[in-house]
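Please read the following report alongside the sequence and the three-dimensional view. It moves from the chain as a whole to one strand and then to a single loop residue.

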Amino acid sequence: MAKLTSMAASKTKRMIVYGPPKTGKTKLAGAMAEKKNVLFFSLENGHDTLFQLPHEWQERITVIAIPDSKSYPIAIETMLKVIKGGPVSICEEHGKVQCPICTKEGKPVEQVNLSELDESWIVVVDSLTQLTNSAMSNITKGKPDDYKMQTDDWGSLGKILDAFLSHVQAARYNIVCISHETAVEMQDGKEKLVPTAGTRNFSRNTAKYFDEVIYCEVANKKHVFGSSTGYKMNVISGSRGDFSLEDSLEPKLLDFFYPAEAKLKPKVATAAK
């Protein structure tokens, strides 16, 4: 045991960025390359968005594209091996760890070891939504196209996603997961938007695996991001740090690492009664 006063806050962060499509999620995560090295796992070809970033930032982004599809659901297999840490080699053609075909033919591979990454690196997984689809396709592999998942199948999906996210929660490196949104009924009976990961029941608790939960949306033709618990009553968001992204004039995920450098919106004075 140790006194809290003798301990230091973690210097690494586990973040989830979620919201509807086309709300700036991928660009927000990729823009961390302004100051950090980014290892970007692209499960749904979202890395094309990163070409909008300055060339200097692009130089600090390493993309590992995993060609996941319903007929070739490789993402969940590969990411479960990667997220555990330790050295793995991923072939560029198939996105498979220790691919026998590419090994035999001497085709290009990427060497990855998340356990060796220091604080200068950010791991980005784009996206949990596609990872869920990949897991579902694996579970139903060999079944007819019209097959509907059964109770045991849904249970297997939950176990697979918990295995992945438990490693994210315990990660000693910086990691950002991107996801879409799902509306679920909370225990108090109110409906809220939460990050998508598996079933609605599982998605309800996805936020627990992360330090920072950031919601993205478009309002008044602008990308808007929120991270405080009180950002919106119908949205799950929150931060274990002391920074609210919606308070920033130029919101960026780097603000969580360098809050003193964030450009904050001027506070509105409250009229005296």
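Of the 273 residues in the protein chain, 48% are buried, in what is a predicted model. The accessible surface of the protein chain amounts to about 15200 Å², and carbon and sulfur atoms contribute 51% of that surface. When contacts with a separation of 6 or more are considered, 61% of them join residues that lie 24 or more positions apart.

The secondary structure of the protein chain consists of seven helices and 12 strands. Because its radius of gyration of 20 Å is close to the 19 Å that the globule rule gives for 273 residues, the protein chain is as compact as a globular protein of that length. The C-alpha trace spans about 75 × 50 × 45 Å along its principal axes. As for charge, the chain carries 35 positive and 33 negative charges, and the mean positions of these two sets are 4 Å apart.

Strand β1, which covers residues 14–18, is mostly covered, with five of its five residues buried. In a regular strand the side chains alternate between the two faces of the sheet. In β1, Arg14, Ile16 and Tyr18 point one way, while Met15 and Val17 point the other way, and all of these residues are buried.

Which strands pair with β1, and in what sense? The pairings are set out below, each with a residue of β1 and the residue it stands opposite.

| Partner of β1 | Sense | Bridges | Residue in β1 | Residue in partner |
|---|---|---|---|---|
| β7 (residues 174–179) | parallel | five bridges | isoleucine 16 | cysteine 177 |
| β10 (residues 212–219) | parallel | four bridges | methionine 15 | glutamate 212 |

Strand β1 thus pairs in the parallel sense with β7 and also in the parallel sense with β10. Isoleucine 16, whose bridge partner in β7 is cysteine 177, belongs to the set that points one way together with Arg14 and Tyr18, whereas methionine 15, which stands opposite glutamate 212 in β10, points the other way with Val17.

A single loop position completes the report. Threonine 140 is placed in the loop between α5 (128–139) and α6 (151–170). Is threonine 140 buried or exposed? Its relative accessibility is 14%, and the cut-off for buried is under 20%, so threonine 140 counts as buried. Leaving aside residues up to four places away in sequence, threonine 140 touches Tyr147 and Met149.

Technical notes. Residues are numbered from 1 along each chain as its sequence is written. This is a predicted model: local features need pLDDT of at least 70, side-chain atom pairs count only at pLDDT 80 or more; totals for chains, interfaces and linings use all residues. Side-chain values use heavy atoms; hydrogens and water are left out. Buried means under 20% relative accessible area, exposed over 50%, partly exposed in between (1.4 Å probe, protein chains only). Helices (H or I, at least four residues) and strands (E, at least two) are DSSP runs, numbered from the N terminus. Two strands pair if DSSP finds at least two bridges between them. The radius of gyration is taken over C-alpha atoms; the globule rule is 2.2 Å times the number of residues to the power 0.38. Contact means heavy atoms within 4.5 Å. Accessible areas come from the Shrake-Rupley method with a 1.4 Å probe; for residues, only the protein chains shown count as cover. Lys and Arg count as positive and Asp and Glu as negative; His and the chain ends are not counted. The place of a charge is taken as NZ of Lys, CZ of Arg, CG of Asp or CD of Glu.
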